[in-house]
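Let's take a quick tour of this one, starting in the protein interior and ending at the ligand. Have the viewer open as you read.

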Amino acid sequence: MKQTLVILKEYFDPLARLGNRTYSIYLPFAITLGACFALEFYAFRIANNPAIVARLAIIIFIAIIIYFSFRDGIMGGLISSAVTIFYYGYIIYTRGYTGSQLVSAIQTTIFLGILYVGVSLIIGWLKQTIDILLEREKDEKSRLQAVIQQLPVGVIITDHEGKIVQVNKQVDTIFDMRVPIGDSIHDKLFFEPEKNGKKIKPSQFPLVQAIEQKKPIVTQEFTIQDKKGNQKYIQVNATPVLTNKRRIIAASSIISDVTEQKEAERRKDDFVNMASHELKTPLTSMKLYLDLMVKQVKKHKDKDTAKILKNIQLQTERLQKLVNDLLDVSRLQTGKLSLNKEHFELNDLLKDIVDVLKVTTVHRIHFVSKSKLPVLADKFRIYQVFTNILTNAIKYSPAGKPIKVTTLKKNGKATVRVKDQGMGIAQSEQKKIFERLYQVTDAKVQTFPGFGMGLYIAREIIKRHKGKIWVESTKGKGSAFYFDLPLVNERQRQTA
Ligand code: ADP
């Protein structure tokens with residue numbers, strides 16, 4: 001019953017038919033003709049005043065013509081008008097009008113005919129124009145739909161409250177399930193994403209955050225389990241759709257399956273790890289034999305050979321540093337970098353390093369420290385961080401320029417600053433230099449050997465000590481690198 005009503009409404013209601021460009025010519029013809037017969041019947045069998053019938057006819061026909069021009073466009077209206085005009089002609093013919101009566105009947109018919117045709121043309125044209133516009137909009141919508149469906153990434157679209165209104169096929173493939181349309185992502189996610197091995201709450205999911213914070217959330221990675229229990233890596237971006245007044249009207253999220261890239265990355269990391277392990281052992285023995293040889297040659301006072309050997313020794317040390325850095329990067333990537341923490345005085349360590357490096361460089365290095373800085377940290381790793389920062393200051397500043405190392409105590413933290421007057425780092429590069437394998441490329445400035453691993457390792461080591469590392473720099477004027485570490489107080493030291 002309800003179904004029939006819907007079908008009838010869709011067939012007869014001109015509003016429901018807006019955008020539908022199938023126009024009927026039979027229906028206007030049949031209904032108008034039917035109305036003519038009904039009126040004839042009424043005029044002869046029921047009514048007793050012909051003037052009333054004539055007025056009623058005008059009202060009925062104008063209504064029918066408006067209806068059909070609105071339902072079936074110009075043609076629908078014109079067909080109804082034509083039938084009506086014929087009917088008027090039929091009346092004139094059958095009623096046997098003569099003289100002035102005939103003239104007035106013909107005049108009225110011509111006047112009404114023009115009115116009916118005019119109404120049909122105006123309303124019919126409006127209807128057809130609306131139909132064309134609506135069809136164009138529908139076409140655009142379906143084109144957009146097709147594009148969304150065919151995208152090689154998953155797309156989830158929600159309304160302003162976070163209710164899922166649309167997903168594409170890729171989403172179903174990535175999650176290996178039919179994603180429920182209409183569900184709210186605020187209360188419960190339709191899957192169980194994990195970050196660093198821990199399940200996340202719906203409020204931590206980028207789409208929810210994008211709606212709550214009214215800003216895009218970019219490139220977050222999660223792991224999910226598919227139905228077969230395999231782990232998948234997904235990368236998620238989300239963005240709210242805001243009006244000019246920053247009111248949310250929708251939100252969308254793009255989800256990519258990055259499992260293959262992750263696997264390739266893992267294989268590459270494994271390879272680097274294995275290769276650097278394999279390189280480390282022969283290199284260490286080489287270095288030992290070299291040191292031995294240097295001693296032997298020194299005994300025989302063979303200056304030329306000693307010079308050659310010194311160079312080989314230097315290059316071997318470089319190679320060792322490179323292999324060690326590679327090993328550290330791969331340990332960091334696989335989460336295998338362990339810390340052997342001990343209590344020590346930070347200034348003592350830094351002072352020793354400064355003294356050693358002073359001998360190897362023409363740069364003047366000043367060391368200023370005012371307070372004691374007891375820390376609980378991995379001595380070797382902190383040595384590594386500071387050496388990297390200090391050798392960078394030497395590497396990236398001209399020989400005559402001094403370097404100043406300052407340490408201070410602030411808010412329960414030990415802060416170390418290494419300030420040079422070298423080439424400096426552009427604002428846009430300052431964050432990036434702490435990323436893996438990042439080196440500033442500048443055609444005007446001489447580049448130095450290195451792989452851009454040092455600061456990345458330093459940042460990760462400091463992070464694992466609950467500290468911070470950062471840089472303040474002006475291009476062309478010099479840089480100041482800072483790192484801080486939590487201080488330990490006397491009580492903590494004694495209970496340790
Ligand atoms: P590497 O020095 O091996 O290239 P790092 O990770 O130690 O790698 O440094 C990354 C980049 O940061 C360097 O390539 C250099 O461009 C820039 N950088 C680091 N320290 C300084 C500094 N004191 N002055 C200018 N640029 C620096």
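## Starting from F483

Leaving aside its neighbours within four places in sequence, which residues is F483 in contact with? Keep in mind that you're looking at a predicted model. The list for F483 runs V385, F386, I389, A414, T415, V416, I462, K468, I469 and W470.

F483 also turns up in the largest nonpolar core, a set of 43 residues. Along with L346, F386 and L390, F483 is one of those with the most contacts inside that core. Helix 10 puts in seven residues, the largest share of this core.

## A second core, and I255 in it

Apart from that core there's another one, with 26 residues, and L189, F190, V236 and I255 are among them. I255 is a good place to zoom in: you'll find it in strand 7, which covers residues 248–257.

Is I255 buried or exposed? I255 counts as buried because its relative accessible area is 0%, under the 20% cut-off. Not counting residues up to four places away in sequence, I255 touches V153, G154, I156, I174, F175, I234, Q235 and V236. Take I234 from that list: it sits 21 residues from I255 in sequence, yet their C-alpha atoms are 6.5 Å apart in space.

## Around the ligand

Now over to the ligand, which has 21 residues surrounding it; N392, Y396, D420, Q439 and L455 are the closest. By type, that shell splits into eleven nonpolar, eight polar and two charged residues.

Which polar atoms come up against the ligand's oxygens? N392 has a polar side-chain atom 2.8 Å from a ligand oxygen, and Y396 has one at 3.0 Å from an oxygen of the ligand. G454 takes part through its backbone, with a polar atom there 3.3 Å from a ligand oxygen. As for coverage, the ligand has 540 Å² of accessible area on its own, and the protein covers 96% of that.

## Helix 10 and N388

Three elements each supply at least two residues of the ligand shell: helix 10 (379–395), helix 11 (454–464) and strand 14 (478–486). Helix 10 gives the most, with four residues. That's the helix with the largest share of the 43-residue core, too.

Helix 10 is also where N388 is found. N388 is classed as buried because its relative accessible area, 11%, is under 20%. Once residues up to four places away in sequence are set aside, N388 touches G454 and L455. Both should look familiar: L455 is among the residues closest to the ligand, and G454 has that backbone atom 3.3 Å from a ligand oxygen.

Key. Residues numbered from 1 in each chain as written. Predicted model: local features only at pLDDT ≥ 70, side-chain atom pairs only at ≥ 80, totals over all residues. Heavy atoms only, no water. Near = heavy atom within 4 Å. Polar contact = N/O pair within 3.5 Å; in protein donor to acceptor, adjacent residues only side chain to side chain. Areas by Shrake-Rupley, 256 points an atom, 1.4 Å probe, with all protein chains shown as cover. Nonpolar A, V, L, I, M, F, W, Y, C, P; charged D, E, K, R; others polar. Core = buried A, V, L, I, M, F, W, Y, C linked by side-chain atoms within 4.5 Å. Buried < 20%, exposed > 50% of the residue type's maximum accessible area, 1.4 Å probe, protein only. Contact = heavy atoms within 4.5 Å.
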